[in-house]
Amino acid sequence: TLENLNVSLLCEEFSVSRTTIYRWRTAGKIPEPDFVIGDKAYWNRSNLYTYLQNNNHTKPCSVGSVFV
């Protein structure tokens, strides 16, 4: 598996649209990206899942953009 995920890979990882990823980011449901290259944002997979666990989310759910 890849350690760093861009928006497209996050969409695949969570089976959601790009719009949902941007909404989650704005709402603080996922962290800010670990780094940006040009206009591409990247999240470290380990950091992302640690953030979700620390915020009592095990995985995102696309229904109503709610985490379960």
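**Phenylalanine 14 and its ring partners**

Student: In this predicted model, why is phenylalanine 14 called buried?

Tutor: Phenylalanine 14 has a relative accessible area of 9%, and since buried means under 20%, the residue is therefore classed as buried.

Student: What makes the pair of phenylalanine 14 and tryptophan 24 edge-to-face?

Tutor: The ring centres lie 5.9 Å apart, where a pair requires centres within 6.5 Å, and the planes stand at 65 degrees, where over 60 counts as edge-to-face, so the pair earns that name. This pair links distant parts of the chain, with phenylalanine 14 in helix α1 and tryptophan 24 in helix α2, ten residues apart.

Student: Is tryptophan 24 buried or exposed?

Tutor: Tryptophan 24 is buried, because its relative accessible area is 1%, set against a limit of under 20%.

Student: Why is the pair of phenylalanine 14 and tyrosine 49 called tilted?

Tutor: Its planes are 55 degrees apart, with 6.1 Å from centre to centre; stacked would need planes under 30 degrees apart and edge-to-face over 60, so the remaining angles count as tilted. Phenylalanine 14 lies in helix α1 and tyrosine 49 in helix α3, so the pair ties together parts that are 35 residues apart in sequence.

Student: How do you know that α1 and α2 are roughly perpendicular to each other?

Tutor: Helices α1 and α2 pack at an angle of about 100 degrees, with their axes 9 Å apart, and because 65 to 115 degrees counts as roughly perpendicular, that description applies to α1 and α2. Among the residues making the contact are Phe14 of α1 and Trp24 of α2.

Terms used
Residues numbered from 1 in each chain as written. Predicted model: local features only at pLDDT ≥ 70, side-chain atom pairs only at ≥ 80, totals over all residues. Heavy atoms only, no water. Axes fitted to C-alpha atoms, helices over the stretch in contact; angles between N-to-C directions. Helix = DSSP H or I, 4+ residues; strand = E, 2+ residues; numbered from the N terminus. Parallel < 35°, antiparallel > 145°, perpendicular 65-115°, else oblique. Contact = heavy atoms within 4.5 Å. Phe/Tyr/Trp six-rings, centres within 6.5 Å; stacked < 30°, edge-to-face > 60°. Buried < 20%, exposed > 50% of the residue type's maximum accessible area, 1.4 Å probe, protein only.
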